[in-house]
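Here are my notes on the model you sent round. Have it open while you read, and start with the ligand.

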Amino acid sequence: MILSDLQLSKLSQNHEITVSIDQDLARYNSFRLKSSGDLISVKSLKALRDVVHFFKSERISYRVIGQGSNLVLPETSNWVYLKLELPLASNILNEPQIEYNLPASVQLSLLTQHALKFGLSGWEVFTGIPASLGGAVAMNAGTNLGEIGNIIIDIQVLKSDGEMYSHTKTPASFSYRRNNFLHNGDIIHSVRIKHFGIDSEIPKKIRDYQALRKKTQPLNIPTCGCVFKNRKVVEQGEEKIIRAGQLIDLVGLKGRSVNQLQISHVHANFFENLGRATKEDFLTLVQIVNDEVQSKYGFKFDMEVEVW
Ligand code: EPU
């Protein structure tokens, strides 16, 4: 428990803020690692600003949990978890728009439904990513159809000192699975995105990709998505991608486990949580993989997943 009774009662006076003390966080992250902590949900931008102001004055550390899909959570923490539940204007997804100003907490799956219905070109890039918009933007999430950075216009951010700023996307804003503009404590609260017109091929593209993922990835078991980044190398002037899943498979590590955490038989860049695995189990399995890769190929894979 991070919050004192007094802090809890002060926060609880705001009806747009919900506080859960020592919450089991399994429900809040796709990996379902053994983890608990104080969780604060905010239902409006005003409530978010109030909470951040409160954190600053009380010197409370926080982290935004998003949809919790590319995260490895510790069993206990010395920060509170902040969950955005910002309202989505009810009519915004009724018709295709030129651009969309969306709350960071909107789930990408909802946007994919909209893209499927209207054939929005560009929105296929985030098909199947189990994330909130803000979380996906923060890590420039993507698939082999592209990256979410492609369709961003600008990003609205609340800083830990309570100031707000807007970041207009430039070619330097994003690189592979990362952003280059957020600072520690910054919270994305809304994002303006565009598309590249209506294209009748898009729904098929999205459906084909969904079917491919279903076939090639363990989607019905708790995982954190791909554990490692693919590795880009330049050989004789040509860029080549070393696929983490392929190489981990090749070195024979599929099925290798540490306690209740196992390297997937379906796709070797996924670790499956078969019970109540922990962050320690995760780190041990990462080390096993990287030791093996290092001894055979002389490098280690960088992690794609965020470890807290
Ligand atoms: N492969 C194997 N064995 C395995 C897994 C893959 O031989 O166990 C081979 C496949 O047969 C294929 C190649 O490796 O020839 C590449 O596999 P895949 O098409 O699944 O692509 P990937 O590079 O492993 C990337 C993203 C995924 C994304 C898929 C599909 C990264 C690190 N991974 O995987 O993203 O879903 O493409 O678009 O960029 C994620 O970001 O969490 C994630 C899983």
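Which atom of the ligand has a polar side-chain atom of Tyr176 3.1 Å away from it?

1. An oxygen atom of the ligand is the partner: a polar side-chain atom of Tyr176 sits 3.1 Å from it. I'm calling something a polar contact when two N or O atoms are within 3.5 Å; within protein, one must be able to donate a hydrogen and the other to accept it, and residues adjacent in sequence count only if both atoms are side-chain atoms.

2. Before going on, a caveat: this is a predicted model, where local features need pLDDT of at least 70 and side-chain atom pairs count only at pLDDT 80 or more, while totals for chains, interfaces and linings use all residues. Residues are numbered from 1 along each chain as its sequence is written, and side-chain values use heavy atoms, with hydrogens and water left out.

3. Two other side chains are worth a look. His267 puts a polar side-chain atom 2.9 Å from a ligand oxygen atom, and for Glu304 the corresponding distance is 2.5 Å. On its own the ligand exposes 820 Å², and the protein buries 77% of that (Shrake-Rupley accessible areas, 1.4 Å probe; for residues, only the protein chains shown count as cover).

4. Around the ligand there are 21 residues, with Tyr209, Cys226, Asn230, Arg243 and Glu304 coming nearest (near means a heavy atom within 4 Å). By type, the shell splits into six nonpolar, 10 polar and five charged residues. Domain 2 (99-202) and domain 3 (218-307) each supply at least three of the shell residues.

5. Now the overall layout. The chain is divided into domain 1 (5-84), domain 2 (99-202) and domain 3 (218-307), with bounds from an automatic or database domain assignment. The centres of domain 1 and domain 2, taken over C-alpha atoms, are 23 Å apart.

Note on methods
Ala, Val, Leu, Ile, Met, Phe, Trp, Tyr, Cys and Pro count as nonpolar, Asp, Glu, Lys and Arg as charged, and the others, Gly among them, as polar.
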